[in-house]
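Colleague: I would like to go through the terms used for this structure. Please give the reason behind each one.

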Amino acid sequence: MVLCHSIVFLLQFGNSTPLIITGHSLGGSIASLFTFWLLDSMPPEATKHPLCITFGAPLLGDSHFQGAISERRKWNSCFLHLVSNLDPVPKSFISSITAIASDSSSQTSTYKPFGSFLLCSESSCACFKESESILKLMLACSLESVENQDPDKIMQIYGKTLENLKNRAIYRGISSLGDCGINPLRAGIILQLQAIGVIRSQQQQESNVVKALITEIQGENIQIRRRKPFDPSKRLKDVKIKMMYLEWYIKDTEEQGGYYDSYKYARRRRAEDIREKEKIAKHKDELSEYWEKMVEEMKQIPQKEWAPFRTGLYSGNNCRRLIEPLDIAEYYNAGKKDYLKHGRAEHYILLEKWVNKDKPAMEPRSKACSRTEDSCFWAHVEEAMISCEGLKDGTSSTENRKSATQNLLQFERYMKGSIENLAVSPEIFLGQSSFMKLWREYEKLTGASYNSWLTDFMRNGYRSYA
């Protein structure tokens with residue numbers, strides 16, 4: 001009944017009253033699992049989330065569990081765990097408690113922290129969010145507090161922490177450290193370690209073990225501050241400018257057989273063409289890097305949280321259709337084969353997959369698309385050209401000739417579907433394009449007596465394709 005009421009309460013997004021879930025010891029673990037269930041049940045448009053506060057709960061879940069939580073950007077902030085330096089339960093699932101005592105900098109724990117941890121002692125408390133720092137500090141508290149683990153005293157610490165929490169400041173008492181040349185971050189860490197009972201004297205503060213612990217926590221804090229999430233909109237203006245350059249290049253190269261062939265064969269032409277290709281190649285690489293980062297970011301979060309990326313997803317798809325043909329040109333220029341199996345980058349594959357899954361059903365086209373729909377079109381053309389060469393080669397084995405014939409028949413079916421759906425640009429029929437070169441070779445190879453849908457279209461209909 002309580003569960004049902006909680007769900008109904010949570011789904012009433014207009015209600016301004018926060019939902020707080022709490023538990024002590026093993027009850028804290030149950031509270032966390034229940035909160036996860038609620039978070040996973042919430043629709044993507046939900047703006048209010050439950051808050052889970054645990055007291056003395058043991059660690060819950062391994063690194064994979066921790067990773068799954070970190071992928072949901074808002075989930076981690078929904079958990080606050082209070083841990084007393086005298087409470088043995090939160091440290092019960094840590095694999096090793098000897099690492100710090102032996103001056104070792106490495107220790108392992110099957111169970112990993114998530115959310116924010118408020119480590120508290122009789123005197124004060126300190127909040128930490130970095131997973132490895134939390135583990136080290138819990139281990140340090142275990143070593144410093146092997147005695148006096150009285151349940152009543154532990155509960156008094158939790159109660160006192162809640163009472164004093166509103167008035168607490170992280171740098172309170174910084175003047176007590178004196179003028180010792182310590183930077184504010186290091187000073188704050190020392191005060192936090194004093195608050196939770198890890199440092200109880202100046203002598204302890206000067207020990208090598210504590211110094212190493214302070215330095216390590218300080219380094220993790222600096223890394224986290226420097227770590228900036230990928231912002232899909234930050235470079236959007238630059239992306240649009242580079243795409244405009246590519247659009248201009250496409251229009252400017254029609255007389256050279258289209259932008260694919262102009263890019264592929266630029267080194268056989270004027271020095272000016274070579275310089276232009278180098279500029280375009282730079283824009284292409286920068287665009288590809290941008291969308292590679294975008295895709296990597298999208299892989300880390302559930303699809304139901306993609307709202308900020310959805311506009312970028314369609315922009316990425318348009319960009320893919322512009323720049324992947326240039327990657328294909330470079331691939332086959334290098335003498336390689338089978339781009340679809342061995343050369344295609346993962347971010348192209350995922351962009352195409354996600355857009356096809358996300359976009360609504362489209363009405364049939366009334367005219368040919370201005371940009372060929374399949375960004376791998378030229379890879380199909382290149383493979384067909386390789387198959388033609390294989391059939392022309394008199395030394396090819398019977399098996400290879402049979403395979404080449406099957407590949408060409410498959411290419412015909414591919415072209416039939418693309419042309420009937422108006423999914424290829426009229427650009428492919430430019431006289432100097434690779435496709436037209438392929439067609440002339442294919443016609444010679446098959447002979448005037450060979451008839452198929454493609455040969456009939458190329459002999460009678462391609463000039464009116466639009």
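Modeller: A crossing is left-handed if the near helix is turned anticlockwise from the far one by less than a right angle. The model here is predicted. In it, the crossing of helices α16 and α17 is left-handed.

Colleague: Why are α16 and α17 called oblique to each other?

Modeller: Their axes cross at roughly 130°. Angles over 145 degrees count as roughly antiparallel and 65 to 115 as roughly perpendicular. The value of roughly 130° falls in neither range, so the two helices are oblique. The axes of α16 (residues 398-420) and α17 (residues 434-446) come within 13 Å.

Colleague: Which residues of α16 and α17 meet?

Modeller: Leu-408, Phe-411, Glu-412 and Met-415 in α16 meet Phe-435, Leu-438, Tyr-442 and Leu-445 in α17. By class, seven residues of this contact are nonpolar, none is polar and one is charged.

Colleague: What makes α16 oblique to α18?

Modeller: α16 and α18 (residues 453-460) pack at an angle of about 55°, and their axes are 9 Å apart. Roughly parallel needs an angle under 35 degrees, and roughly perpendicular starts at 65. An angle of about 55° meets neither condition, so this pair is oblique as well. On the α18 side, the contact is made by Trp-453, Leu-454 and Phe-457.

Colleague: How do you know whether Ser-84 is buried or exposed?

Modeller: The relative accessible area of Ser-84 is 0%. Buried means under 20%, so Ser-84 is buried. Ser-84 is found in strand β3, and its side chain reaches the backbone nitrogen of Leu-86 at 3.1 Å.

Conventions:
Residues are numbered from 1 along each chain as its sequence is written. This is a predicted model: local features need pLDDT of at least 70, side-chain atom pairs count only at pLDDT 80 or more; totals for chains, interfaces and linings use all residues. Side-chain values use heavy atoms; hydrogens and water are left out. Helices (H or I, at least four residues) and strands (E, at least two) are DSSP runs, numbered from the N terminus. Buried means under 20% relative accessible area, exposed over 50%, partly exposed in between (1.4 Å probe, protein chains only). A polar contact is a pair of N or O atoms within 3.5 Å; within protein, one must be able to donate a hydrogen and the other to accept it, and residues adjacent in sequence count only if both atoms are side-chain atoms. Axes are lines fitted to C-alpha atoms, for helices over the stretch in contact, and angles run from 0 to 180 degrees between N-to-C directions. Contact means heavy atoms within 4.5 Å. Ala, Val, Leu, Ile, Met, Phe, Trp, Tyr, Cys and Pro count as nonpolar, Asp, Glu, Lys and Arg as charged, and the others, Gly among them, as polar.
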